[in-house]
Protein chains: 2
Amino acid sequence: MQAYSSLFQILNKAIEEQQNSLNSSSPKEMYEPMSYIVGLGGKRVRPLLTLVGCDIFDTNPNDAIHAALAVELFHNFSLIHDDILDNAPLRRGNTTVHEKWNHNIALLSGDGMMVKAFDVLGKSNPEHVAKLLKLFAKTGLEVCEGQQYDMNFETQEHVSVQDYIHMITYKTAVLLGCSLQMGAICANASEENQKHLYEFGEHVGIAFQILDDVLDVYADDEKFGKQVGGDIISNKKTFMLLDAFELANEEQTKELNHLLYSKEISSNDKVKQVTALYNTLGVRELAIKEANKHTDIALKHLEELKANPSKKKDLKEFALHLLNREV
Amino acid sequence: MQAYSSLFQILNKAIEEQQNSLNSSSPKEMYEPMSYIVGLGGKRVRPLLTLVGCDIFDTNPNDAIHAALAVELFHNFSLIHDDILDNAPLRRGNTTVHEKWNHNIALLSGDGMMVKAFDVLGKSNPEHVAKLLKLFAKTGLEVCEGQQYDMNFETQEHVSVQDYIHMITYKTAVLLGCSLQMGAICANASEENQKHLYEFGEHVGIAFQILDDVLDVYADDEKFGKQVGGDIISNKKTFMLLDAFELANEEQTKELNHLLYSKEISSNDKVKQVTALYNTLGVRELAIKEANKHTDIALKHLEELKANPSKKKDLKEFALHLLNREV
């Protein structure tokens, strides 16, 4: 987005310097994988939000650069370890750390990355460190808890839609809220303004995750980066699947269970037939409605935020741009 | 030790409360293993040293209680993950976390424990948090680096005695120095005094680790908790083994290599013959001499520390008590 080009410039320079520093650190067995995963890119939404959370109060975004780097490093730590937990071969189209090196290297470089996140956070203005640490550590714990809930869901028989919202809130959304609030802390914003930014980020995160599930089923094959229907094939407990189970009558429940657990159905047929059932039950619309509800809550918090009006508008546009993907 | 009974009382109460809090946290799949490993005990030397580092300046040791808990939680995080890395079945005579639950649970509860350490640190007096975080994160990184060096040694052909000292300094000794210094920070001690306590802790740690290697070979079978000669059987690159390689003539080097890598020698014979070679080369005495050198450096720093003289004496006695094990 044009409005954020100068913030991205600050951010990309800092990330590049961070990578150079990782590359020149010893032992290389631990630091190379850290540099590798950071180098795989990604949209850098979290650290950008930290700079935005500072800049929106007309405070120099450089004041929030260490907090921004910390949040990006923490996110990358969670990617390395989540890929071990999920036994994932690929991350952003590249080999995962545990595949490229091995499990022990991935475990230890992930650990190192997490400590590094706190180390970088500690380079912030000492006046802000206590508040930043409190928020960052609390959020970090929630991210770990969310990952554990997600793992539990794999074997847990009954998961409610509410359980699911709770899980994605912890696993994904709180770190977006934290990213924005850390920027606000670095701008000496009032606690009320900090809270509005946090809630804005959290609810945008929830909406994003629900729409991501919808996209997995209803995306345009050619524009979508990965296999459409992947969540259906792997029986992932998404908002739509859980909602389908809550709405299905006895016969539909039977059909859904058959589709999920029968070994005689091809992946293609499974995707087609589960999607047909989703259409009958209207869970796509319900998911979009739920996402819109959270988007509205987010925008309400943004409205109530006392900050630079034109920068509030930029943030609103950025969020809607993130959420407005063709579903 | 009698002198520290009231500090232990403060510490044990805080650890018990921490365990209760872990036990009542959700998801239990993540928090139960955390509570389990903390409950396995250990000597609690690190958090005790944090309280000592505060109390020695006649400051209320309760002011350092969060830093003390943080260091104990960090140490326990490293135990969970090190046991995965080493594929260890037992820890303090009990099943390790990855054996009792599984690898994924051990990975994630270890992560949670590390974040929890930073979370607890953040509850310290806000005036001290920036300094505490800086030291704690720097030390945490060094501990990870030390673990990586240790892993590298397993496959690295040439390891010098100097490499070894560097490894144990990072893997073990720096956390002892950090423990003491964090206490001193909470007591608003001068930087010079902080430094003396740090160096004292670090050098006691180095001496302790070298003597631990000696004990593994020369301990009295009945008094020693584990198998005497375990390090020799597993070809662990200890101070004595590395020193033996540096001192051995051509023939002795050949013999040593034969003893380490031949599959035809029984464990008993291997221990006996390697020990005989150690005796010939005098590496036991050299190890003790090296340990004494570090003990002397430690005591010199303690002498220069400006603090309560009688409490300095207590700390000296405590350190010598830790080091004075029958070798």
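Let's start at a single residue: B:Arg92 has 11 other C-beta atoms within 10 Å, so B:Arg92 is exposed. Its place is the loop between β1 (90-91) and β2 (94-95) of chain B. The backbone there deserves a glance too, since phi of B:Arg92 is near 50°, a positive value in a residue other than glycine. For background, most residues other than glycine have a negative phi, and most peptide bonds are trans.

Before going further, please keep in mind that this is a predicted model. Chain A averages a pLDDT of 95, and 97% of its residues score at least 70. For the complex, the predictor gives an ipTM of 0.96 and a pTM of 0.96. As a general caution, where pLDDT is low, the predicted coordinates should not be read in detail.

Chain A offers a positive phi as well. Phi of A:Asn87 is near 55°, and A:Asn87 is a residue other than glycine. You will find A:Asn87 in the loop between α4 (65-86) and β1 (90-91) of chain A. Is A:Asn87 buried or exposed? A:Asn87 has 10 other C-beta atoms within 10 Å, so A:Asn87 is exposed.

Peptide bonds come next. In chain A, the bond from A:Ser26 to A:Pro27 is cis, with omega near 0°. A:Pro27 sits in the loop between α1 (5-23) and α2 (28-39) of chain A. In chain B, a cis peptide bond joins B:Ser26 and B:Pro27, with omega about -5°. B:Pro27 belongs to the loop between α1 (5-23) and α2 of chain B.

Let's look at α1 of chain A, where A:Ser21 is found. A:Ser21 has 13 C-beta neighbours inside 10 Å and therefore counts as partly exposed. A:Ser21 and A:Ser35 are 14 residues apart in sequence, and their C-alpha atoms are 8.8 Å apart in space.

Now for the two chains together. How are the copies related? A rotation of 180° with 0.0 Å of shift along its axis superposes chain B on chain A, with an RMSD of 0.0 Å. The two copies are thus related as by a two-fold rotation axis. The same surface serves both copies, as 100% of the contact residues of chain B recur in chain A.

The contact itself takes 33 residues from chain B and 33 residues from chain A. On the side of chain B that touches chain A, α2 (28-39), α4 (65-86), α6 (103-121) and α7 (126-155) of chain B each supply at least two residues. Of the elements on this side of chain B, α7(B) gives the most, with 16 residues. By character, the residues of the side of chain B that touches chain A divide into 18 nonpolar, eight polar and seven charged.

From the contact we can turn to helix α14 of chain B. This helix covers residues 283-304, and at 1.5 Å a residue its 22 residues should span 32 Å; its end C-alpha atoms are 32 Å apart, which agrees. Which residues of α14(B) are buried? They are B:Val283, B:Ala287, B:Glu290, B:Ala291, B:His294, B:Thr295, B:Ala298, B:His301 and B:Leu302. These cover an arc of only 135° around the axis, which puts them on the same side of α14(B). On the other side of α14(B), B:Glu285, B:Lys289, B:Asp296 and B:Glu303 are exposed. The buried residues of α14(B) pack against α9 (191-218), α11 (239-247), α13 (267-281) and α15 (309-323) of chain B.

One of those partners, α13 of chain B, holds B:Leu281. With 20 C-beta neighbours inside 10 Å, and 20 or more being the cut-off, B:Leu281 counts as buried. Leaving aside its neighbours within four places in sequence, B:Leu281 is in contact with B:Ala244, B:Leu247 and B:Ala248. The C-alpha atoms of B:Leu281 and B:Glu157, 124 residues apart along the chain, are separated by 21 Å.

Our last stop is helix α11 of chain A, residues 239-247. This helix is mostly covered, with seven of its nine residues buried. They are A:Phe239, A:Met240, A:Leu241, A:Leu242, A:Asp243, A:Ala244 and A:Phe245. The buried residues of α11(A) pack against α8 (161-186), α9 (191-218), α12 (250-261), α13 (267-281) and α14 (283-304) of chain A.

Note on methods. Residues numbered from 1 in each chain as written. Chains lettered and ligands numbered in written order. Predicted model: local features only at pLDDT ≥ 70, side-chain atom pairs only at ≥ 80, totals over all residues. pLDDT = per-residue confidence, 0-100. Helix = DSSP H or I, 4+ residues; strand = E, 2+ residues; numbered from the N terminus. Expected span 1.5 Å × (residues − 1). Buried ≥ 20, exposed ≤ 12 C-beta atoms within 10 Å, placed from the backbone. Arc of directions from axis to C-beta. Contact = placed C-beta atoms within 7 Å. Least-squares fit on C-alpha atoms with pLDDT ≥ 70 in both. Nonpolar A, V, L, I, M, F, W, Y, C, P; charged D, E, K, R; others polar.
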